[in-house]
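Grab your viewer and work through a few short exercises. Each one sets a task, then walks through a solution.

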Amino acid sequence: MTGEKITFLVVAVLTLVFALRVVTTGNLVHAALWLVATLSGIAVVFALLQANFLAVVQVVVYIGAIAILFIFAVMLTRKEMRDRGPQLNQNWWFGALLAVMTFGGLFALLQGWNGLSNTPAAIPSGFDAVSVLGNALVSPDAYVLPFEVASVLLVAALVGAVYVAFNQK
Amino acid sequence: MSFWKDPLKVAADWLMGIFTGWGMPEIAAQILIGLLGVVFLLSALMVLDIGLVWVERKVVSRFQSRIGPNRVGPFGLIQPFADIIKLLIKEDITPQGADKVVYNLAPILSMMSVLVLWAVVPLAPTIAGVDLNVGALYIIATGAIGTLSIIMAGWSSNNKYSLIGAFREVAVLLSFEIPMLTTMLIPTIFAGSMGVLAITQAQDIWFVFKAPLAALIFLIAAIAELGRAPFDMGEAESELVSGYNIEYSGMKFGMFYAGELLHAFTFGGFWAILFFGGYRFFGLEQVSPFLAVAVILFKALIGYWIIMWIKYTLLRIRIDHMLAFNWKFLTPVAFVLLMVTAFMNTFLRGTPTWLYISSMFLSNVLLGWISLEVARSYSRKEREKAEGPKQVIQAHH
Amino acid sequence: MVPLSWYLIFSAALFSIGLFGVLSRRNAVAILLGIELMLNSVNVNLAAFWRYGDVMDIAGQVFAIIVFAVAAAEVSVGLALVISVYRRRNTVIADDLNMLKW
């Protein structure tokens with residue numbers, strides 16, 4: 001049981017507990033805050049995978065923008081300051097069954113693959129994932145086209161969201 | 001490797017020797033030494049924070065033509081301790097109907113988001129917390145956690161004015177992250193890396209001479225990010241009865257207040273690191289790491305003084321003017337500046353240094369002048385729409 | 001060294017929890033929270049495969065960045081729609097938004 005394994009186990013179990021709290025808590029603002037905790041757990045997992053650009057972008061984009069957007073939306077769509085009533089709909093047992101079956105199916109699918117106990121190759125020293133990523137995102141024979149399309153998508157979503165939610169007085 | 005040249009490594013080796021001498025496994029000793037380093041840094045920062053309270057009160061009093069604290073100790077130096085004792089013995093009130101966990105967590109998160117920033121500040125060539133290769137982006141990330149703490153504080157206080165203050169403050173914080181991020185990319189272009197140590201080491205000529213407009217925009221966006229005047233919508237005492245801070249009393253308010261001062265000092269430090277050479281001062285840092293620490297603290301204090309100067313001189317801006325200023329002026333200028341800098345950096349790649357620096361400087365000045373002219377003509381049109389064109393004054397006979 | 005299977009099981013579990021959230025919650029915003037969990041599990045999967053494969057092939061991280069962008073766009077439009085629906089119908093319970101039912 002190396003230190004890395006212990007760290008990963010602790011972080012993974014905590015993140016899964018936070019995720020369970022997201023989908024079961026009755027108070028929606030608390031659910032959004034548990035989501036923040038889950039997202040930071042996932043940022044730690046990214047850092048463990050040595051994808052440190054992804055970890056920092058996870059905090060900036062998800063926690064700094066999307067989670068705050070959720071909190072705003074929760075506060076703007078309720079009649080009073082506190083939530084009441086059950087938060088699970090009447091078919092929740094079927095949803096739980098489907099979730100367990102999905103997990104079981106994915107787990108069974110993974111058993112047949114022999115690359116499962118791969119240990120990662122050591123990263124060559126002096127390798128800077130950030131500059132390789134930057135080059136790949138703008139190089140014509142790499143991924144510039146999906147990058148540009150994602151930018152157009154973001155502009156369209158920005159304009160669309162402002163238009164849809166605009167309060168015409 | 002003497003102590004004066006590389007203090008951290010010498011201290012770590014000495015401690016490692018002691019711990020393994022006691023029979024601890026090496027991994028545990030390493031973790032313990034890391035923890036000790038963190039505790040030491042945090043203690044030094046909190047002591048610095050106490051000093052900053054005194055600095056703030058003396059400086060604001062000099063700006064307002066009065067003397068400031070001078071009763072408690074020589075020059076009022078014991079005043080912060082008196083403040084802390086007062087805050088600690090106050091009654092700790094939690095408003096009725098407030099969400100206890102979130103209410104108590106908000107000031108902790110606010111202080112935490114400032115303290116973790118110091119993990120990437122390079123205090124000397126050999127003293128830095130972590131040399132992250134995405135250090136500059138990490139600054140923005142911890143700002144995002146601070147934003148979250150404000151909205152938690154505003155919502156959990158169960159108070160309308162608190163919520164409105166928090167909403168406004170978070171709108172300002174999210175909006176001004178964009179020019180800050182964009183102008184932070186300009187030292188990245190110059191240095192070729194986002195790591196703060198690499199940016200400091202690439203500043204043979206300080207970046208403020210290559211991109212003064214970027215330094216200015218970063219300063220404005222940073223002041224907005226700190227939530228200080230003239231952008232202090234969240235704590236507008238005269239408008240919102242102190243905004244998201246309303247229901248906080250005692251040491252929790254102290255956490256917010258001290259966190260804000262330390263945050264301002266940290267951003268003075270980052271302004272110095274990104275644009276004014278960090279710990280570099282004409283080769284002084286090669287002499288000793290302690291001189292480098294002194295240099296960067298001095299530069300951070302100057303940055304902090306400029307931030308305080310702006311705070312105590314300018315009036316608060318209205319919230320819609322603030323947001324219009326950001327989205328209609330600052331963000332477009334920042335984007336155009338980024339494009340111009342990137343283009344000129346590629347265009348001028350092989351040229352001698354004096355040509356590079358002077359043309360970058362001139363392009364910045366030109367861009368700033370053009371954007372000011374555009375803003376001026378826009379505001380002239382707005383004013384004429386509101387008031388009618390300017391009349392030539394008729395002389396009365 | 002953490003074997004790859006642990007990361008994959010972690011992301012599968014996160015995906016299932018998100019799926020449960022989407023299928024079983026009444027509030028429309030809570031459904032969107034479940035979708036966010038699923039997108040995050042996909043990101044973890046992509047990053048794990050990048051690390052455990054050839055680190056020079058940066059496609060895993062590129063894909064994860066594109067997923068970040070798509071998730072941000074989808075959440076903003078989804079929440080704008082939820083807010084707009086709330087203004088008209090004064091409710092965000094998904095069961096009550098049934099005007100198109102037969």
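Two residues count as in contact if their C-beta atoms, placed from the backbone, lie within 7 Å. Keep in mind that this is a predicted model.

**Exercise 1.** Work out which residues Thr20(B) is in contact with, leaving aside its neighbours within four places in sequence, and decide whether Thr20(B) is buried, partly exposed or exposed.

*Solution.* Start by placing the residue: Thr20(B) sits in helix H1 of chain B, residues 7-21. Next, apply the contact rule. Once neighbours within four places in sequence are set aside, Thr20(B) touches Glu26(B) and Ala29(B). Now for burial. There are 13 other C-beta atoms within 10 Å of Thr20(B). Buried needs 20 or more and exposed needs 12 or fewer, so Thr20(B) comes out as partly exposed. As a last check on distance, take Gly135(B), which is 115 residues away along the chain: its C-alpha atom is separated from that of Thr20(B) by 33 Å.

**Exercise 2.** Describe how helices H2 and H3 of chain B cross, and find which residues make the contact.

*Solution.* Two packed helices are described by the angle between their axes and the distance between the axes. Here, the axes of H2(B), residues 26-63, and H3(B), residues 79-88, come within 8 Å and cross at roughly 110°. That angle makes H2(B) roughly perpendicular to H3(B). As for the hand, the crossing is right-handed. On the H2(B) side, the contact uses Ile50(B), Val53(B), Trp54(B) and Arg57(B), while H3(B) brings Gln79(B), Pro80(B) and Asp83(B). Sorted by class, that's four nonpolar, one polar and two charged residues.

**Exercise 3.** Compare the reach of helix H2 of chain A with the span expected for it, then say how enclosed this helix is.

*Solution.* H2(A) covers residues 28-48, which is 21 residues. From first C-alpha to last it reaches 30 Å, close to the 30 Å expected at 1.5 Å a residue. Then count burial: 16 of the 21 residues of H2(A) are buried, so the helix is largely enclosed by the rest of the structure. After the helix comes Gln50(A), with a positive phi near 60°.

**Exercise 4.** Of the two pairs of chains in contact, which shares the most contacts?

*Solution.* First, rule out a pair: no contact joins chain B and chain C, and their closest C-alpha atoms are 14 Å apart. Of the two pairs that do touch, chains A and C share the most contacts.

Conventions
Residues are numbered from 1 along each chain as its sequence is written. Chains are lettered from A and ligands numbered from 1 in the order in which they are written. This is a predicted model: local features need pLDDT of at least 70, side-chain atom pairs count only at pLDDT 80 or more; totals for chains, interfaces and linings use all residues. Axes are lines fitted to C-alpha atoms, for helices over the stretch in contact, and angles run from 0 to 180 degrees between N-to-C directions. Helices (H or I, at least four residues) and strands (E, at least two) are DSSP runs, numbered from the N terminus. Angles under 35 degrees count as roughly parallel, over 145 as roughly antiparallel, 65 to 115 as roughly perpendicular and the rest as oblique. A crossing is left-handed if the near helix is turned anticlockwise from the far one by less than a right angle, and right-handed if clockwise. Ala, Val, Leu, Ile, Met, Phe, Trp, Tyr, Cys and Pro count as nonpolar, Asp, Glu, Lys and Arg as charged, and the others, Gly among them, as polar. The expected span of a helix is 1.5 Å times one less than its number of residues.
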